[in-house]
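Biologist: Could you walk me through this one? I have not looked at it before.
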Amino acid sequence: MPKAMRIGAGAGFAGDRLEPAAELVARGNLDALVFECLAERTIALAHRRRRADPDAGFDPLLERRLRPVLPGVAAQGIRVLTNMGAADPVGAGRRAAALCRELGLAMRIGVVTGDDVLDRIDPTAPALEDGKPLAAHGPLIAANAYLGADAMLPALEAGAQLVITGRVADPSLFVAPLAWRFGWALDDAGRIATATLAGHLMECAGQVTGGYFADADGSDAPGLADLGFPIAEVTAAGGITITKLPGTGGRVSRATVSEQLLYEVTDPGAYVTPDVVLEVTGVAVAEQGADRVTVSGARGQPRPESLKVSVAYEAGWEAEAGISYGGSGAVERGRRAADIVRERLGRRGDITDLRFDLVGVDSLLPGRLRGSEPSEVRLRLCARAASAEIAADAAREVESLYTNGPAAGGGVRSALRPVVGIVSTLIDRRAVSPAVEILEA
C-alpha cells in the first residue's frame, strides 16, 4: 500500500482560472487531480441549456480545462475526477474521449450517472428550506441527488484514468481516490471522515491558499494574480497536509485553512455528506513551515440513509436596468429617479420583487469627488415578475427616464433573464441507482 497520496485541486467552481491546473500537473508530482466545477445553480442552468440544445448539457469549459493537462496526466498516470458532466455526464465523456483521440492519447474514461432523480422525487414532498411542497415553488426543471464516493469507486477500480460525474458531493470527489488508493472501506467512518475533511478543505481550490482570505493591502495573501492552487498530501495513516507549489502566489497558513474549514459547514458537530457525518469541532490546525499546514482530528458517524437532492424550478423573470447621473446634485437626482420608477411600478401590482441601488464614485468624472458627496451615481433597478413581458416593462421604465426626468440621465443598459430557483429535499438512497459507463479513447 502506498504511504501517501498527493491530490491537486484544479478548479473550485465553474468559472475558475484555467492555468493553475496545468501548473499542478507540470510541477506538482500529483497522484490525482480534481476539477470541482458544479454548484446548484450551475447544474440547473445546464439542464436548461440541454433543453434548447441536446449537446449543451455539460460544462462548456470541459475541453479548455482538459486540453492543457491531458498529455501530462497520461504520461504521469494521474487520475482525474471532475463533475463537469453537469446535466449530461455521458455527453461530456464522449467529448473527452474525442479530445483524447485528437491528442493521440489512449485513456480509459469512466462516466458516472444516476444523480438525475427528477422522475423519482415526490412533487408534494416538502422543501427543506420552507416546508412548502416542491411543486408549489414553480414548474420543476431538475432534481439531482448528491452522490458519494461509492458511485465513483467502480470507475477507478475498472481502471478509469478520467472520471466524469454529474452531481456528486464536492468532498466526495476527493474521498473516492483516497479510498481507492488506500483500500479504505467506505463504512470505516473514521477513515472516511479524514478523507472528507481533506476534500472539504480542497473543494474550493484557491480559497484555501488565500484567495477568499485576502484583504485590501495584500500582505495576508500576496501575489493573487498568480494564486497557487492547493495540494493535499494525505497519508495511509490519515495525516493531512495542505500546501501549494513553490513560487506561486497566495499563502497556506493556519488562518487560511481554518477559514476554509468552517466554510459552508452549517453544523460543525454534524456536517452531513453522502459518505459520512463529519464532526470538525475537535480538528487541530498547525503550521509546519512555509505554506505547509497539517490538519488532524476529524471524527465521523455512519453515512445517512437519505441523500440530499437539489431541486431547480422556474421562478419567473428578472430585469436589470441602469442609468447614470453626473455633476451637481447627481445623488439626489438618482434618488428622485428611483422614486419615480418605484411609484409607477407600484401602481401595477404585478412586480413580485423590486430593488434599487445607487452605485458610483468616479467612472464619469474621475477625481471629482467632493467631500462625502459623489459627483456621479448610477441608479440600478432589479425587478422580478412572473412573465418576461412584465419584467421587461420594468426595465423600460428606467429607459423612459431619458426624457421624462430628472435631468441629464444617460447610459441606459438593460438585461432580461429567466430566474432559476433552488430548494432541496431528501431521498432514500435506496431509490438512487448510480451507474458507471466505461469509454475507451
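Modeller: What follows is a short tour of some helix contacts, a few single residues and the cysteines, and please keep in mind that this is a predicted model.

Biologist: Okay, helices to begin with. How do α7 and α8 cross?

Modeller: Helix α7 covers residues 172-182 and helix α8 covers residues 189-202, and their axes come within 8 Å while crossing at roughly 135°. That angle makes α7 oblique to α8, and the crossing in which α7 passes α8 is right-handed.

Biologist: And which residues meet there?

Modeller: From α7 there are F174, V175, L178 and A179, and they meet I192, A195, T196, G199 and M202 of α8. Sorted by class, this contact of α7 with α8 has seven nonpolar residues, two polar ones and no charged ones.

Biologist: What about α8 and α9, at what angle do they cross?

Modeller: Helix α9 spans residues 254-262, and the axes of α8 and α9 cross at roughly 105° and come within 8 Å. With that angle, α8 counts as roughly perpendicular to α9. On the α8 side the contact is made by L197, H200 and L201, and on the α9 side by V257, Q260, L261 and L262. By class, the contact of α8 with α9 has five nonpolar and two polar residues, and again no charged residues are part of it.

Biologist: Switching to strands, where does G8 sit, and is it buried or exposed?

Modeller: G8 is in strand β1, which runs over residues 4-11, and G8 is buried because its relative accessible area is 0%, under the 20% cut-off.

Biologist: What does G8 touch?

Modeller: Leaving aside residues up to four places away in sequence, G8 touches L24, L30, A32, L33, V34, F174, M202, P230 and I231. Two of these also appear in the helix contact described above, where F174 of α7 and M202 of α8 take part. As for distance, the C-alpha atoms of G8 and V80 are separated by 9.6 Å, although these residues are 72 residues apart along the chain.

Biologist: I also noticed T165. Where is that, and what are its contacts?

Modeller: T165 lies in the loop between β6, residues 162-164, and α7, and with a relative accessible area of 1% T165 is buried. Apart from residues up to four places away in sequence, T165 touches T82, N83, M84, G85, A86, P89, V112, M152 and L173.

Biologist: Now S414, buried or exposed?

Modeller: S414 counts as exposed because its relative accessibility is 54%, over the 50% cut-off. This residue is found in strand β17, residues 409-428, and S414 touches E320, A321 and A395 when residues up to four places away in sequence are not counted.

Biologist: And how far is S414 from V257?

Modeller: From C-alpha to C-alpha, S414 and V257 are 40 Å apart in space, and in sequence they are 157 residues apart. V257 is one of the α9 residues that make the contact with α8.

Biologist: Last topic, how many disulfides are there?

Modeller: A search of the whole structure finds zero disulfides.

Biologist: Why is there no bond from C37 to C204?

Modeller: The sulfur of C37 has its closest cysteine sulfur in C204, but the two are 11 Å apart, which is too far for a bond because a disulfide needs the sulfur atoms within 2.5 Å. C37 is buried, at 1% relative accessibility, and C204 is also buried, with a relative accessible area of 13%.

Methods. Residues are numbered from 1 along each chain as its sequence is written. This is a predicted model: local features need pLDDT of at least 70, side-chain atom pairs count only at pLDDT 80 or more; totals for chains, interfaces and linings use all residues. Side-chain values use heavy atoms; hydrogens and water are left out. Helices (H or I, at least four residues) and strands (E, at least two) are DSSP runs, numbered from the N terminus. Buried means under 20% relative accessible area, exposed over 50%, partly exposed in between (1.4 Å probe, protein chains only). Contact means heavy atoms within 4.5 Å. Axes are lines fitted to C-alpha atoms, for helices over the stretch in contact, and angles run from 0 to 180 degrees between N-to-C directions. Angles under 35 degrees count as roughly parallel, over 145 as roughly antiparallel, 65 to 115 as roughly perpendicular and the rest as oblique. A crossing is left-handed if the near helix is turned anticlockwise from the far one by less than a right angle, and right-handed if clockwise. Ala, Val, Leu, Ile, Met, Phe, Trp, Tyr, Cys and Pro count as nonpolar, Asp, Glu, Lys and Arg as charged, and the others, Gly among them, as polar.
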